[in-house]
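Dear colleague,

I am passing on the structure we spoke about, and I would be glad if you could open it beside this message while you read.

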Amino acid sequence: MSILRLVTKELLLRRWSALLAVSALGATVAAALFFFLLARSNEGETRILQRDMGLNVLILPPGTSLDAYWSQGLAPGSMPVEFLLELEDQGVANRLVPMIKRRHNWQGREVLLTGISGEIFKQGKAMKPVFGRVVEPGSLVLGDEIARLLSLEEGASVELLGRTFGISRVLAPVGDEQDVQVFLDLEDAQSLLDLEGRITEIEALECHCSEEVADPLAALRAELDPLVPGAVIVRREALADARRDQRQLAGRFLQSGFPVIAGLCALLVGALCMLNVRERRAEIGVLRALGKSSGQVAALFLGRAAFLGLLGGAIGVLLGGFLASDLGRVLFETRAGAVNLELDLVLVALFVTPAFAAVASLIPVALAVVQDPVRVLGETS
């Protein structure tokens, strides 16, 4: 009789023990996926909520005085747009947003003209935009206060620096300088302000920064300074640290929670396998007396554990994905599809769980294969 047939018959005979093992493994996989998916979704939601507060890295033209920048809200100088190309291959700042900012008196009111382009991703990676303020050429996006003061509404046409623009959107009030900003397409701003091929700042998002990085600003400057010589690198500490702390908190949560769950499951699976070995001592003795090798006996128990692990992994993937998705819709209301179960996670779970179950069964299996068949049969006769 083949090992596969022996495993199948044994599972049918001891179905309640098998069901308990499958349940334990499924619960472990479901809990691991649940924690992982919610932690990853929480990170994504935090990133999206932070976008309206502004990105957390500034790259300013060489020679920019920071006291002047913070007092005026803009850099008086400019830098070549080619700086963006130099920043494509670095690994510390992503979601680069090139801008031009200039103050201008418009219809009797001082406004902050802000030419802006869409996000540019490092290393050419395609990602879903987060910053979200892309302005179509020939149109304006107005802050709430300036629109109110000038009695301007969406859909209206206005003149700005000799050109006619349509107002595509009026932003909701936020209580900062955005309320008096006038956003336009970057190339339109370059043309209107005689700054073709120039930008006045680049905003970006600091990439993952681990606890081992004691000085994140120094790490940023060490990688960016050689690429954009002379540029002033600024890290918005509060925003960047909040994002960094959130990532690390999610990581510590997974690192502390999952090993406990996995350890308890390993103990339970090992204990069930040990009971299975004890129940089958006579059967093991017969198999050994019939000439079955230690390897074949071990294959019987490890095959059983791996098969149960595969079933438990499949059940855990379905249960964990459902729970995370269902709860995610309640927790994360800012973005549809906040919790996504991707194929790579499914494949990892289906591969790792059988291996985990087999490893958890190694000690009972080792005890099974070293039993003396003569002694075992003598004890059970």
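What follows is a description of the fold, starting with the whole chain and ending with single residues.

Please keep in mind throughout that this is a predicted model. The chain has 381 residues, of which 46% count as buried, and its secondary structure comes to 13 helices and 11 strands. Among contacts between residues at least 6 apart in sequence, 79% join residues that are at least 24 apart. The surface that the chain exposes amounts to about 19000 Å², with carbon and sulfur atoms supplying 61% of that area.

The sheet is a good place to begin looking. It is an open sheet of 9 strands with mixed pairing, and its strands are arranged in the order β6-β7-β5-β8-β4-β3-β10-β1-β11. The edges are formed by β6 (157-160) and β11 (232-235), each of which pairs on one side only, and from one strand to the next the twist averages 35 degrees. Helix α7, made of residues 216-224, packs on this sheet and touches β1 (57-60), β10 (201-206) and β11, with a direction that makes about 150 degrees with that of β11.

Strand β1 is worth following residue by residue. V57 and I59 point one way from β1, while L58 and L60 point the other way, and all of them are buried. With β10, strand β1 pairs in the antiparallel sense over 3 bridges, and L58 stands opposite E203 in that strand, β10. With β11, strand β1 also pairs in the antiparallel sense, here over 4 bridges, and I59 has I233 of β11 as its bridge partner.

Elsewhere in the sheet, strand β3 (residues 93-106) runs antiparallel to strand β4 (residues 109-116), and 8 bridges join the two. R103 has its bridge partner in β4, namely L112. V97 also has its place in β3, and V97 counts as buried because its relative accessible area is 1%, which is under the 20% cut-off. Although V97 and I202 are 105 residues apart in sequence, their C-alpha atoms are 5.5 Å apart in space.

Two residues drew my attention through their backbone angles. Most residues other than glycine have a negative phi. S151, however, has a positive phi of about 55 degrees although it is not a glycine, and S151 is found in the loop between α5 (144-149) and β6. D194 likewise has a positive phi of about 55 degrees without being a glycine, and D194 lies in the loop between α6 (186-192) and β9 (198-199). Are these two loop residues, S151 and D194, buried or exposed? S151 is exposed, because its relative accessible area of 64% is over the 50% cut-off, and D194, at 63% relative accessibility, counts as exposed by that cut-off.

Finally, there is a feature of the surface to look at. V260, L264 and L267 make a nonpolar surface patch of about 320 Å², and V260 is found in helix α8, which covers residues 237-279.

With best regards

Definitions and conventions. Residues numbered from 1 in each chain as written. Predicted model: local features only at pLDDT ≥ 70, side-chain atom pairs only at ≥ 80, totals over all residues. Heavy atoms only, no water. Patch = residues over 30% accessible without salt bridge, like charges linked within 9 Å, V, L, I, M, F, W, Y side chains within 5 Å. Areas by Shrake-Rupley, 256 points an atom, 1.4 Å probe, with all protein chains shown as cover. Salt bridge = Lys/Arg side-chain N within 4 Å of Asp/Glu carboxyl O. Pairing = 2+ DSSP bridges. Axes fitted to C-alpha atoms, helices over the stretch in contact; angles between N-to-C directions. Contact = heavy atoms within 4.5 Å. Buried < 20%, exposed > 50% of the residue type's maximum accessible area, 1.4 Å probe, protein only.
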